Amino acid sequence: MERRTVFGGRLLPAVLILPQLLLTGFFFLWPAGEAIWSSLTRQDPFGLGSTFVGLENFADLFADPLYVDAILRTMLFCAAVSALSMGLALLLAVFADHEIRGRAIYRTLLIWPYAIAPAISAVLWLFILNPHVGLLGRWLNAHGVAWDYTINGGQALLMVILASAWKQVSYNFIFFLAGLQSIPRAVIEASRMDGARGWYRFRTITFPLLAPTTFFLLVVNLVYAAFDTFGTIYALTHGGPGKATETLVIKVYRDGVVNLDLGSSSAQSVVLMAGVIALTAIQFRFIGRRTAG
Amino acid sequence: MTHGRTDWLAHAILGCGVLLFALPVWLVVAGSTQESGAIARGGLSLLPGLDLSAYPRVLTQGSMGTAPVWHMLLVSGAMALAIAAGKIVVSILSAYAVVFFRFPFRRTAFWIIFLTLMLPVEVRIIPTYAVMADFGLINSFAGLTVPLIASATATLLFRQVFVAIPDELVEAARIDGAGPLRFLRDILLPVSAANIAALFVILFVYGWNQYLWPLLVATDPGLDTIVIGIVKMIGVETQTDWSAVMATAVLALLPPIVVVVLMQRWFVAGLTEGEK
């Protein structure tokens, strides 16, 4: 949509937009360019210079079974976090949409967890599931379940999935509730008169009408699980034990910042960028279609 | 008739949901009043004690080698406010330029901003660090905040708001002799007040909750945010002062929760409008 009335002048708009462009240039485009450049070069062992090696870093990366493992692990993690947090949020939103007593209070009590930092959610879960200190962790051990996520990789993965999904429920809840409230009352009334109710009405009427919200949230949740959970995972397990909870972002951090392998870390960054660009493109294509149709 | 039964079911499910979020937080509130040694021996309980001494202790002294908590809260607060205010100002100005002016490369500029949407910090850790080092911004408050101020989401949101403003309003302001800056100040800002409030909540929480970025650019303990500090505290394997960890967790949770709850109405409307 183009605006008919505009202000004249060229200097003023340039001055207004300059801060944003400078920030973008220095802290986004330049680093992204550097990442692409160093993903195509290799440092010599003495750090004296670098040579252009084309796509060799990428070839090495995908030939590395550890990297392929990390990709699969990240996909499993993202799928589990998204499914858990969206499923629970949808359940809560459907019932919070009912006209019951105290629903404003319920909403507030389900929205505030939005404020919890991913790294803090790790701390909260530690007090539940830590085998020595945690309430539930101790109980499990006392009842014959050998629960210790600092040794057992599968348990560690389960724990970071739970902590990550838990933190994201209220975000999804806000959107599902808004989606439910935007369904026209007339549609619900009509289906009620046709005798559709309960689970049947939800499955045939409500859920299909929520599809745009669900799809939007799916993309947001995948991006959240892939990137924003760094704090949760790093605080709880540092990616361990071994590599049991090492997602792609944790791996970039470990390889680049801890092990200083710049070529590989940059190639990994470029792969992640491609992933985000693909997800964003899918989302915008979809939203574009929605506003057009 | 069937209403009674579904109401009962709704209360049960929503009640469980509320508990699922409230209990873990209640656990740290209760734990912060218990004795560290007892917690370490496995005596953590949901029943609070009466001992509030962990709070003044962590606030003034810190624990296990971290800065005092009051200082970390100050860094977090300053960081969250600087990021929220910075992002809002920068985005309003750039969205205003893109919507209300015609200038060469306007579309290019917009697309450059839009691109940043696809480049979260997490995917460009090392090169961004290198750029920061070139600018001498490592271990500085500017380094902690300025790179997080550029934001495509906020610019897109304000663009959406501004595009929806009727041409007649702009026309009327011009006939009254209002220049571009007066129009921005007297009409555009008041009209978008609700959006600004909503965005403030989202960005404050975003800034307060940062972990990876401060971990990367600020190794100086004097720049530790509360989130960084608490993760450091649980990283100590032996001799962890558990009641101090829990008191710190409570203090870290409080400010963003207060902001979200107090501004809930604007926040929810702004979030669901903005993202779509």
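Two residues are in contact if their C-beta atoms, placed from the backbone, lie within 7 Å. By that criterion, in this predicted model, 77 residues of chain A are in contact with 77 residues of chain B. On the side of chain A that touches chain B, helix α1 (residues 11-39) of chain A gives the most, with 18 residues. That side of chain A is made up of 59 nonpolar, 13 polar and five charged residues.

**The two chains**

The table sets out the secondary structure, extent and burial of each chain.

| Chain | Helices and strands | C-alpha span along principal axes | Buried residues |
|---|---|---|---|
| Chain A | 13 helices, two strands | about 75 × 75 × 35 Å | 42% of 293 residues |
| Chain B | 15 helices, zero strands | about 75 × 70 × 30 Å | 47% of 276 residues |

For chain B, the radius of gyration is 23 Å, whereas a compact globule of 276 residues would have one near 19 Å.

The contact pattern within each chain can be described by sequence separation. In chain A, 66% of the contacts with a separation of 6 or more are between residues 24 or more positions apart. In chain B, of the contacts between residues at least 6 apart in sequence, 74% join residues at least 24 apart.

**The nonpolar core**

The largest nonpolar core has 165 residues. Those with the most contacts inside this core are A:Ile120, A:Phe173, B:Tyr96, B:Val227 and B:Ile230, a list with members from chain A and from chain B. Helix α4 (residues 69-100) of chain B supplies the largest share of the core, 18 residues.

Which residues does A:Ile120 contact, leaving aside its neighbours within four places in sequence? The partners are B:Val227, B:Ile230, B:Ala249, B:Ala252 and B:Leu253. Two of these partners, B:Val227 and B:Ile230, are also listed among the residues with the most contacts inside the core.

**Two individual residues in chain A**

A:Leu12 is found in helix α1 of chain A, the helix that gives the most residues to the side touching chain B. A:Leu12 has 18 other C-beta atoms within 10 Å and is therefore partly exposed, since a residue counts as buried only at 20 or more and as exposed at 12 or fewer. From A:Leu12 to A:Pro118 the C-alpha to C-alpha distance is 41 Å, with their positions 106 residues apart in sequence.

A:Trp199 lies in helix α9 (residues 198-209) of chain A. Is A:Trp199 buried or exposed? A:Trp199 is exposed, because 8 other C-beta atoms lie within 10 Å and the limit for exposed is 12 or fewer. A:Trp199 and A:Leu210 are 11 residues apart along the chain, and their C-alpha atoms are separated by 15 Å.

**Confidence in chain A**

The mean pLDDT of chain A is 85, and 94% of the residues of chain A reach 70 or more. Within chain A, confidence is highest in helix α3 (residues 65-96), at a mean of 94, and lowest in helix α13 (residues 262-292), at a mean of 74. Over residues 289-293 of chain A, pLDDT stays under 50, and the model has one contact beyond four places in sequence for this stretch. Where pLDDT is low, the predicted coordinates should not be read in detail.

Terms used. Residues are numbered from 1 along each chain as its sequence is written. Chains are lettered from A and ligands numbered from 1 in the order in which they are written. This is a predicted model: local features need pLDDT of at least 70, side-chain atom pairs count only at pLDDT 80 or more; totals for chains, interfaces and linings use all residues. Helices (H or I, at least four residues) and strands (E, at least two) are DSSP runs, numbered from the N terminus. The radius of gyration is taken over C-alpha atoms; the globule rule is 2.2 Å times the number of residues to the power 0.38. Ala, Val, Leu, Ile, Met, Phe, Trp, Tyr, Cys and Pro count as nonpolar, Asp, Glu, Lys and Arg as charged, and the others, Gly among them, as polar. A nonpolar core is a set of buried Ala, Val, Leu, Ile, Met, Phe, Trp, Tyr and Cys residues joined through C-beta atoms within 7 Å. pLDDT is the predictor's confidence in each residue, from 0 to 100.
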